[in-house]
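Work through the exercises below with the structure open beside you. Each task is followed by a solution in steps.

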Amino acid sequence: MEALLNNLREKKPLIHCITNYVTANDVANALLAIGGAPVMADSEAEAEDITSISAALYINTGTLNDMRQAAMLRAGRAANAAGIPALLDPVGAGASRGRTDAVKKLIYAVKFAVIRGNASEIAAISGAGGFTKGVDAAPDDSLPVDSARAVAADTKSVVVMSGKTDVVTDGRRCVFVKNGSELMSRVTGTGCVLSAIVAAFVAANPENTFDAAVAAVCAMGLAGQKAAERMSGADGSFSYRGYMIDALYNMSGRTLEKEARYEIV
Amino acid sequence: MEALLNNLREKKPLIHCITNYVTANDVANALLAIGGAPVMADSEAEAEDITSISAALYINTGTLNDMRQAAMLRAGRAANAAGIPALLDPVGAGASRGRTDAVKKLIYAVKFAVIRGNASEIAAISGAGGFTKGVDAAPDDSLPVDSARAVAADTKSVVVMSGKTDVVTDGRRCVFVKNGSELMSRVTGTGCVLSAIVAAFVAANPENTFDAAVAAVCAMGLAGQKAAERMSGADGSFSYRGYMIDALYNMSGRTLEKEARYEIV
Amino acid sequence: MEALLNNLREKKPLIHCITNYVTANDVANALLAIGGAPVMADSEAEAEDITSISAALYINTGTLNDMRQAAMLRAGRAANAAGIPALLDPVGAGASRGRTDAVKKLIYAVKFAVIRGNASEIAAISGAGGFTKGVDAAPDDSLPVDSARAVAADTKSVVVMSGKTDVVTDGRRCVFVKNGSELMSRVTGTGCVLSAIVAAFVAANPENTFDAAVAAVCAMGLAGQKAAERMSGADGSFSYRGYMIDALYNMSGRTLEKEARYEIV
């Protein structure tokens, strides 16, 4: 893992972000903190030009509208044509038909290197495709690992499914990540930020998408732990949010290597 | 007040927010801090679906554009049809004809459980409707309580008018809230956040809108006070903003009960 | 410099901001911290009304789209007609043809009191106009002071070019500002915030645009230094960002006067 983070810090990959306005600032600052660089541009007319200077594309469907959706499709196709990795964070898939449809359109039109969502978002994508459901061996009985595997197999993407235990799978391989803290759910944008961190790790390690995704998930979880340890006195959720980004900024490859907690299943 | 906040913490109401991009992150994080949950979706096509899973609708007219205005109207009607409370924060009413007109259209089309604005926004709404102006008994001679009462009576909404002293009225009952700090005006979004806190309290206590609004105003003011007490050394307005959200996160029902300062007039 | 900052604190100029959603919150809070007041409104329909109540117009082309571009053009013309200063932050000029064209259109249609960008943005504007390139005497051999001078001469604007050394020029006069910290580049929005601070200084000192711009650049750099000195323990880039805004809030005219480091060249 040390090498994967060191690569990121050396290459400082530029990540083209088309994302929601609620957490855009945290996404940009988290990318800078971990060692990448953000370019936030959500106009359709700029899709090709911005893609041509970027090392990866990050698409997040929060606060989606028609304009931004058109930009996502065009940037996604440009990323595929240019051979740079694209990541999808299907925020809100399952919450409205419009959102679920938009996410499906993106998945049909664009090859994503990684799809990162929570269990219900992954289930919405899975269900939309009519995949079978089952129960896989999992540390938590309700962990829908089958959904994640099915989406991964169907899309040829690495799927990261976030939860108390995070799951990373390419349909065949599967890793459970145990880093993290309960407090992460008390702050908005933790998922958006995780997706951005994954995009940065993958951009810097394009030959090794699966391991890069696992390392990114460990790094974010570890930042959540470090932030929890730093809480004291009158600190609350705002302080916690800042401590997470501070922890990404201060994370060394060595610490990540030593404190990552994951299990290959 | 203790029971009202405890209800909120237990029910974790989902609040559908259609709001401006300047303070959207603070609004979302403040909702999580007080115990609610935000869903930020401003597309017209999603209005009904998102409303159907939400406990309240929060509309804020900052950075208004035509697309978001259409979404507000449709979501407002959907909230009324579904019987969930809607709150309006008429940011900028009075600052431009377009904004004032948009706010008027919203008030005519949608029944709001609560309207929350500063004195000039409430006056703009009041003036627009041609209400009589007068001077009511008020701790500050210039406090336009009559405007607030008139808007409340005309719209059948609870009106929260923010200022040094906050006013809560349903046209008949009237409460002055004395919690708060001068520093709150040195930070952007304090009003947007207050409105969101009111929406969360009302969503969790729908049978008791007036008391819920009073409790929310006390809670926000108290968070402002706690934040002011925490200031030290090189702390400035950014620290203050964080301390307010931290204080919302750490506020107990008991503290709110004990330190709320309000007066029924 | 003391008088320029004191003017700002006394006049509390209202700055009409049409800006990107990534850093809008920092821009608004930084304006409040330094003593100004933000009004963020990006609708074309409101351009004249909002301009009529504002002391300056701030245009930032980050996350540009067609709607916001139309609002910028109309607000810019309204600012010119009303005789209030307009500032342009050409974020992303040079990164895409669309963005560069949009910036050129703005410069052709609107007279800007100040243009503030980094070296590549200023070069993109300069190159677009077919200006000659050369190498000027500069503390850093690669500092493209000629570009800045050429843009200033061509547009009759004061140009602020940010970098390790900041350059302020009106085409004739030229000042190098040495305040600042390496850490400022590890945070998103430092440039956007600087531009807003310049707009506020210029709004409060309209008869003295050049000196006001120099003072603003020194103030922002000094805030970056104070923030760097405050870093300790587990602090990272999020803490640093907060410390900068805190430092703007706490900056006195006297401190600015004493610690500003600039050189007239």
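## Exercise 1: a helix and its surroundings

Of the 14 residues of H10(B), 13 are buried, so this helix is largely enclosed by the rest of the structure. The model is a predicted one.

Task: Check whether the length of H10(B) fits its number of residues.

Solution. Start with the count: H10(B) has 14 residues. The expected span is 1.5 Å times one less than the number of residues. For H10(B) this should come to 20 Å, and because its end C-alpha atoms are 20 Å apart, the two values agree.

## Exercise 2: chain B against chain C

Task: Describe the side of chain B that touches chain C, beginning with how many residues are in contact.

Solution. First, count the contacts: 25 residues of chain B meet 26 residues of chain C. Next, find the helices: H5 (97-109) and H10 (237-250) of chain B each supply at least two residues of this side. The largest share, five residues, comes from H10(B). Last, sort by class: seven residues of this side of chain B are nonpolar, 13 are polar and five are charged.

## Exercise 3: chain A against chain B

Task: Which helix gives the largest share of the side of chain A that touches chain B?

Solution. Begin with the contacts, in which 25 residues of chain A face 26 residues of chain B. Helices H5 (97-109) and H10 (237-250) of chain A each contribute at least two residues to this side. H10(A) gives the largest share, with five residues. By class, this side of chain A holds seven nonpolar, 13 polar and five charged residues.

Key
Residues numbered from 1 in each chain as written. Chains lettered and ligands numbered in written order. Predicted model: local features only at pLDDT ≥ 70, side-chain atom pairs only at ≥ 80, totals over all residues. Contact = placed C-beta atoms within 7 Å. Helix = DSSP H or I, 4+ residues; strand = E, 2+ residues; numbered from the N terminus. Nonpolar A, V, L, I, M, F, W, Y, C, P; charged D, E, K, R; others polar. Buried ≥ 20, exposed ≤ 12 C-beta atoms within 10 Å, placed from the backbone.
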